[in-house]
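Trainee: I should like to learn how to read a structure feature by feature. Would you guide me through one?

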Amino acid sequence: MDEGVKRMEEGNNLPLDDDAKNEVLKKQETTNINGDSDIKQQIAEQDDQQPVLLVKQKTKRVATLDAFRGLTIVLMILVDDAGGAYSRIDHSPWNGCTLADFVMPFFLFIVGVAIALALKKIPKINYTVKKIILRTLKLLFWGILLQGGYSHAPDELVYGVNMKFIRWCGILQRIALVYCIVALIETFTTKLRPTTLSPGRIAIFTAYKWQWFGGFMAFLIYMITTFALYVPNWSFVDHVNNDEPKRYTVICGMRGHLGPACNAVGYVDRQTWGVNHLYSQPVWRRLKACTFSSPSEGPFRDDAPSWCLAPFEPEGLLSSISAILSGTIGIHYGHVLIHFKSHSERLKQWFSMGFVLLVVAIILHFTDAIPINKQLYSFSYVCFTAGAAGIIFSILYILIDVWGIRTPFLFLEWIGMNAMLVYVLAAEGIFAAFVNGWYYEDPEKSLVHWIKKHVFINVWNSERVGTLLYVIFAEITFWGVVAGVLHKLKIYWKL
């Protein structure tokens, strides 16, 4: 404002001529117009900002889920293809736990976590049930196709199976059973779930009591059957280890036995599927009672008991019922992820659960009450592997989702995002079999065999070291790169 206007506002009634009056009036109008413009501009800016406030932010994906799933696939490739050279990482012949014995329960654990997140909201129960049943059937189909005997990949360039000896059980079949049971319980109890937890340390457990009830029923069925079922003498015909089929008889007549010959797990499978439809190369063949090469494979001892030659199903019916507990513990970790929003609360729940399970398993094993045994899927084995899974999951969560250290684990995330594809093509050897099919003169003269022999084994002058390096670089690293490219192209294989 000019000096005249100021004096008028201050009450000094000084006379102004006409020109001065007109000038003052124009300046007042200009001031009013500018003031209105400023107000309109502020309103317009607020209107422009308003839609931004209403946009719902996308939920951040927990990268640890994919990394843990990828880690499990990597472990499977490592122990399957390098376990022959390093028997210490291969499956334990009976009691005990090696690196290979963590693979199956790790799969079931992460399946449980994923179920909790995928079924967090269920708009239509019937539609969800249909999806669960369909996915279960897909898993069963792929399991029988890959491990039923039809596929002979990667070493034998043939396919087909004698239905008299088809194997009905396997890795994907067990995952299918656990997924189906755990997911259906989660679906049918959707209306009983709380939106917020009530106060108390055990609120997360009581809020999902039906899930724990399902796990407890599986535990009860397994324990009662294992220790109460009478196992009579049984016989089998050896079609693998002799030139001519030969029948053997195993003397049992007991209850509660946890050894290879007379346990209830094997008896249930023989009665359910038939002895000819079980896995014909069980790991117990590497026991000291069966071979002097233990814990590696080797020729049978002359005084080896007859059951050393018998088939046994490591992914059988009764042991798969026990495996439901692994999925139940996994879904608990998923529920914690949903209800607890702070990193510290989640980690406190996860670590405490993991350590408790490990302590229970160690006590049961070293007191000889219930030994840790993957073949029987014993309760101590469930606790030990689930506890280890929970602690490793928590550590990955700290590194990846809390501290943001993702780069070193990106290849695990990529593999985890395409877990089914990498499992089929790499872990089950389908891709290697395809490459082996293009050979020169002899099937042993294929690209896969040439790379393994000349690039790794001959260079290091060691079959053990060469095999391990081949698995790490020509298989795990290769499929990490392939999975990364597929992720970049947004190509995923999901059932």
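The dialogue below moves from the whole chain to its helices, its strands and some individual residues.

Trainee: Where should a reader begin?

Mentor: Begin with the origin of the model, which is predicted.

Trainee: How many helices and strands does the chain have?

Mentor: The chain has 17 helices and six strands.

Trainee: What share of the residues is buried, and what is the accessible surface of the chain?

Mentor: Of the 495 residues in the chain, 45% are buried. The accessible surface comes to about 26700 Å², and carbon and sulfur atoms account for 61% of that surface.

Trainee: What share of the contacts joins residues 24 or more positions apart?

Mentor: Among contacts with a separation of 6 or more, 72% are between residues 24 or more positions apart.

Trainee: Let us turn to helix packing. At what angle do α4 and α12 pack?

Mentor: One reads such a pair through the angle and the distance between the axes. Helix α4 (residues 103-118) and helix α12 (residues 379-402) pack at about 60 degrees, and their axes are 9 Å apart. The two helices are therefore oblique to each other. The crossing of α4 and α12 is right-handed.

Trainee: Which residues make the contact between α4 and α12?

Mentor: From α4, the contact involves Pro105, Phe106, Phe109, Ile110 and Val113. From α12, the participants include Tyr381, Thr385, Ala388 and Phe393.

Trainee: Which residues of helix α13 are buried, and against which helices do they pack?

Mentor: In α13 (residues 410-417), the buried residues are Leu412, Glu413, Ile415, Gly416 and Met417. These buried residues pack against α3 (63-82), α12, α14 (419-427) and α17 (463-488). Helix α12 thus appears in both packing descriptions, with α4 and with α13.

Trainee: How should I read the side chains along a strand?

Mentor: In a regular strand the side chains alternate between the two faces of the sheet. Strand β2 (residues 234-238) shows this alternation. Trp234, Phe236 and Asp238 point to one face and are buried, whereas Ser235 and Val237 point to the other face and are not buried.

Trainee: With which strand does β2 pair?

Mentor: Strand β2 pairs with β3 (residues 246-250) in the antiparallel sense, over five bridges. Within this pairing, Phe236 has Tyr248 of β3 as its bridge partner.

Trainee: How are β5 and β6 joined?

Mentor: Strands β5 (residues 439-440) and β6 (residues 442-446) run antiparallel and are joined by two bridges. Tyr439 has Ser446 in β6 as its bridge partner. One residue lies between the strands of this hairpin.

Trainee: What should I look for in the backbone angles?

Mentor: Most residues other than glycine have a negative phi, and most peptide bonds are trans. Glu441, in the loop between β5 and β6, has a positive phi of about 70 degrees although it is not a glycine. Lys490, in the segment after α17, also has a positive phi, near 60 degrees.

Trainee: Are Glu441 and Lys490 buried or exposed?

Mentor: Exposed means over 50% relative accessible area. Glu441 is exposed at 60%, and Lys490 is exposed at 66%.

Trainee: Where is the peptide bond before Pro154 cis, and which residue is joined to Pro295 by a cis bond?

Mentor: The bond from Ala153 to Pro154 is cis, with omega near 0 degrees, and Pro154 is in the loop between α5 (125-147) and α6 (171-188). Ser294 is joined to Pro295 by a cis peptide bond with omega about 10 degrees. Pro295 lies in the loop between α9 (264-272) and α10 (317-339).

Trainee: How may I read the surroundings of one residue, for example Ala261?

Mentor: Consider the location, the burial and the contacts in turn. Ala261 lies in the loop between β4 (254-255) and α9. Buried means under 20% relative accessible area, so Ala261, at 10%, counts as buried. Leaving aside neighbours within four places in sequence, Ala261 is in contact with Trp234, Val250, Cys252, Arg270 and Trp307. Trp234 is also one of the buried residues of β2.

Trainee: What does Ile185 touch?

Mentor: Ile185, found in helix α6, is partly exposed, with a relative accessible area of 23%. Not counting residues up to four places away in sequence, Ile185 touches Trp210, Gln211 and Gly214.

Notes
Residues numbered from 1 in each chain as written. Predicted model: local features only at pLDDT ≥ 70, side-chain atom pairs only at ≥ 80, totals over all residues. Heavy atoms only, no water. Pairing = 2+ DSSP bridges. Helix = DSSP H or I, 4+ residues; strand = E, 2+ residues; numbered from the N terminus. Buried < 20%, exposed > 50% of the residue type's maximum accessible area, 1.4 Å probe, protein only. Contact = heavy atoms within 4.5 Å. Areas by Shrake-Rupley, 256 points an atom, 1.4 Å probe, with all protein chains shown as cover. Axes fitted to C-alpha atoms, helices over the stretch in contact; angles between N-to-C directions. Parallel < 35°, antiparallel > 145°, perpendicular 65-115°, else oblique. Left-handed = near helix turned anticlockwise from the far one by under 90°.
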